[in-house]
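Happy to walk through this one with you. Have a look at the model first, and then we can ask how each description is earned.

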Amino acid sequence: MSENRTPLVEMRNVSISFGGIHAVDDASIDLFPGEVVALLGHNGAGKSTLIKILSGAYKRDNGDILVRGEFADINNPRDAKKYGIETIYQTLAVADNVDAAANLYLGRELRTAWGTLDDVAMEAKAREVMGRLNPNFQRFKEPVKALSGGQRQSVAIARAILFDAQILIMDEPTAALGPQETAQVGDLIQQLKKDGIGIFLISHDIHDVFDLADRVFVMKNGRVVGHARTEDVTKDEVLGMIILGKCPPGAVPGPGAMQVA
Ligand SMILES: Nc1ncnc2c1ncn2[C@@H]1O[C@H](COP(=O)(O)OP(=O)(O)OP(=O)(O)O)[C@@H](O)[C@H]1O
Ligand SMILES: [Mg+2]
């Protein structure tokens with residue numbers, strides 16, 4: 001991943017406090033096109049809060065967000081979507097009682113010239129997008145509650161892609177999934193990378209995401225311990241970052257790195 005290209009997204013020196021708690025403190029992260037960046041850290045490290053600032057759910061106290069090198073004005077979820085930032089939540093936000101096509105177009109249904117729902121067009125587009133993401137998926141006519149966790153995940157991702165997502169945030173994407181479905185999400189991610197989409201994978205469990213990631217950022221107590229390319233560090237070294245805040249030689253230390261006396 002060449003670092004002299006412009007990042008797809010960059011958060012610079014971002015902070016937010018709730019009451020007296022510095023949930024995120026001077027955090028800087030970036031993401032390049034076609035790249036998967038894992039955001040790691042223990043429970044309460046500030047991962048979700050940082051990413052909620054990017055998705056417009058929280059308003060930062062300080063810091064900047066840049067999209068493709070330009071300052072982005074993100075104050076609410078609608079702003080974030082305008083910049084192509086979409087979040088797939090760990091709770092798999094899909095509508096259970098309708099089929100995949102209806103989920104993809106929920107709230108922005110395609111209509112015919114007569115104003116009626118254009119089910120034919122919606123299903124055709126659903127088959128095209130889902131076919132690209134998950135070629136084995138055939139269950140277009142069933143309510144999504146009948147689908148497996150991995151299939152539901154691919155419906156949620158397809159919906160984001162249809163919204164022209166360029167920056168995809170997945171918070172604990174495989175936490176609710178079994179091993180086979182986790183592998184399926186891995187395949188999906190490879191597909192999205194090929195399309196130049198950048199992906200943040202948030203997890204408190206390094207084993208869920210290390211093999212999928214090109215780089216990792218580690219947070220601890222609201223601060224960035226450091227970041228590294230996964231090929232430059234071992235899993236054990238990243239665990240040392242997560243648990244102790246200790247930066248190995250292959251990583252670039254951040255403001256949260258343990259100071260060596
Ligand atoms: N809306 C809020 N109000 C008050 N405190 C909050 C709020 N959201 C988060 N926090 C606090 O901010 C800190 C960071 O929480 P956050 O949810 O970002 O952690 P996380 O790294 O995502 O953890 P997990 O792995 O458990 O999801 C925690 O101390 C949390 O209690
Ligand atoms: Mg979280």
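**Helix 6 and its neighbours**

In this predicted model, the buried residues of helix 6 pack against strand 3 (36–40), helix 4 (119–133), helix 5 (149–162), strand 7 (167–171) and strand 8 (198–203).

Q: How do you know that the end-to-end span of helix 6 agrees with its number of residues?
A: Helix 6 covers residues 179–194, which is 16 residues, and at 1.5 Å a residue these should span 22 Å. The C-alpha atoms at its ends are 23 Å apart, so the two values agree.

Q: Which residues of helix 6 are called buried, and what makes a residue buried?
A: They are Gln 184, Val 185, Leu 188, Ile 189 and Leu 192. A residue earns the word when 20 or more other C-beta atoms lie within 10 Å of its own.

Q: Why are these residues said to be on the same side of helix 6?
A: Around the axis they cover an arc of only 145°, and therefore they share one side of helix 6. The face turned away from that buried side carries Pro 179, Gln 180, Gln 190 and Lys 194, which are exposed.

Q: What describes the packing of two helices?
A: The angle between their axes and the distance between the axes. For helix 4 and helix 5, the axes come within 10 Å and cross at roughly 115°. The crossing is right-handed.

Q: Which residues meet where helix 4 contacts helix 5?
A: Val 129, Met 130 and Leu 133 from helix 4 meet Ser 154, Ile 157, Ala 158, Ile 161 and Leu 162 from helix 5. Of the residues in this contact, seven are nonpolar, one is polar and none is charged.

Note on methods
Residues numbered from 1 in each chain as written. Chains lettered and ligands numbered in written order. Predicted model: local features only at pLDDT ≥ 70, side-chain atom pairs only at ≥ 80, totals over all residues. Helix = DSSP H or I, 4+ residues; strand = E, 2+ residues; numbered from the N terminus. Expected span 1.5 Å × (residues − 1). Buried ≥ 20, exposed ≤ 12 C-beta atoms within 10 Å, placed from the backbone. Arc of directions from axis to C-beta. Contact = placed C-beta atoms within 7 Å. Axes fitted to C-alpha atoms, helices over the stretch in contact; angles between N-to-C directions. Left-handed = near helix turned anticlockwise from the far one by under 90°. Nonpolar A, V, L, I, M, F, W, Y, C, P; charged D, E, K, R; others polar.
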